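Hi,

Here is the structure I promised to pass on. Have it open while you read, and I'll walk you through what turned up.

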Amino acid sequence: MSTIDLTIEFGGGLELLFGNVRSHAVSLPTRVPASNSTTLSPPVSTTKPADVDYLIHHLRDHVLKERPELFMEGDTVRPGILVLINDTDWELEGEGSYQLCDCDEIVFISTLHGG
């Protein structure tokens with residue numbers, strides 16, 4: 001099975017939810033379950049190319065250390081989290097449907113601050 005190697009960065013305090021580590025190397029399969037399920041289960045018949053939606057679920061299930069509600073709301077990142085794909089706002093790249101490529105850099109930055 002081929003894989004995609006990614007660099008994932010967290011900033012704006014979001015790194016605190018990920019073990020206080022700002023940068024993570026993540027390897028994903030090139031094809032993933034269409035349901036975004038990240039659990040090991042019998043072979044899945046419906047797959048899709050790895051995309052940011054799947055990455056978000058993978059990060060929640062395998063990298064996040066605490067308080068998933070501060071990272072995700074529903075099936076996407078919470079409002080107030082800026083997502084950059086190779087230094088470009090993910091809204092310009094198709095948001096969660098962006099198909100990941102080897103060596104992509106995905107950055108998550110919390111824009112919410114206490115006061």
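**A histidine in the helix**

Let's start with His 57, which sits in helix H1. Keep in mind that this is a predicted model. Is His 57 buried or exposed? Its relative accessibility is 6%, and buried means under 20%, so His 57 counts as buried. If you skip residues up to four places away in sequence, His 57 touches Asn 36, Thr 38, Met 72 and Asp 75. Try clicking on those four and you'll see what surrounds the side chain.

**The sheet**

Now for the strands. Five of them make an open sheet with mixed pairing, and the order across it is E2-E1-E9-E7-E8. Which strands stand at the edges? They are E2 and E8 (88-89); each has a single partner strand, so one side of each has no neighbour in the sheet.

You can walk across the sheet pair by pair:

- E2 and E1 are antiparallel and share seven bridges. Here Thr 7 lies opposite Ala 25 of E2.
- E1 and E9 are parallel, with five bridges between them. In this pair Ile 8 faces Ile 106 of E9, and Thr 7 stands opposite Glu 105 of E9.
- E9 and E7 run antiparallel and are joined by five bridges. Val 83 has Phe 108 in E9 as its bridge partner.
- E7 and E8 are antiparallel too, with two bridges. Look for Leu 84 opposite Asp 89 of E8.

Thr 7 is a handy one to find on screen, as it turns up twice: it stands opposite Ala 25 in E2 and opposite Glu 105 in E9.

And where does H1 go? The helix packs on the sheet, where it touches E1, E2, E7 and E9. The direction of H1 makes about 120° with that of E2.

**The nonpolar core**

As a bit of background, nonpolar side chains tend to be buried together in soluble globular proteins. In this model, the largest nonpolar core has 29 residues. The members that touch the most others are Ile 8, Phe 18, Leu 55, Leu 59, Phe 71, Leu 100 and Phe 108. Which elements give two or more residues to this core? They are helix H1 (52-62) and the strands E1 (3-11), E2 (23-29), E7 (81-85) and E9 (105-110). H1 supplies the largest share, with five residues.

Leu 59 is a good residue to zoom in on. Setting aside neighbours within four places in sequence, Leu 59 is in contact with Ile 8, Phe 10, Phe 18, Val 26, Leu 64, Phe 71 and Phe 108. Two of those names should ring a bell from the sheet: Ile 8 stands opposite Ile 106, and Phe 108 is the bridge partner of Val 83.

**Two cysteines, no bond**

How many disulfides does the structure hold? The count is zero. Take Cys 101 and Cys 103 and you can see why for yourself. The closest cysteine sulfur to that of Cys 101 is in Cys 103, 9.7 Å away, which is too far for a bond. A disulfide needs the two sulfur atoms within 2.5 Å. As for the surface, Cys 101 has a relative accessibility of 40% and so counts as partly exposed. Cys 103 counts as exposed because its relative accessible area is 63%, and exposed means over 50%.

That's the tour. Have a look around and write back with any questions.

Cheers

Conventions:
Residues are numbered from 1 along each chain as its sequence is written. This is a predicted model: local features need pLDDT of at least 70, side-chain atom pairs count only at pLDDT 80 or more; totals for chains, interfaces and linings use all residues. Side-chain values use heavy atoms; hydrogens and water are left out. A nonpolar core is a set of buried Ala, Val, Leu, Ile, Met, Phe, Trp, Tyr and Cys residues joined through side-chain atoms within 4.5 Å. Buried means under 20% relative accessible area, exposed over 50%, partly exposed in between (1.4 Å probe, protein chains only). Helices (H or I, at least four residues) and strands (E, at least two) are DSSP runs, numbered from the N terminus. Contact means heavy atoms within 4.5 Å. Two strands pair if DSSP finds at least two bridges between them. Axes are lines fitted to C-alpha atoms, for helices over the stretch in contact, and angles run from 0 to 180 degrees between N-to-C directions.
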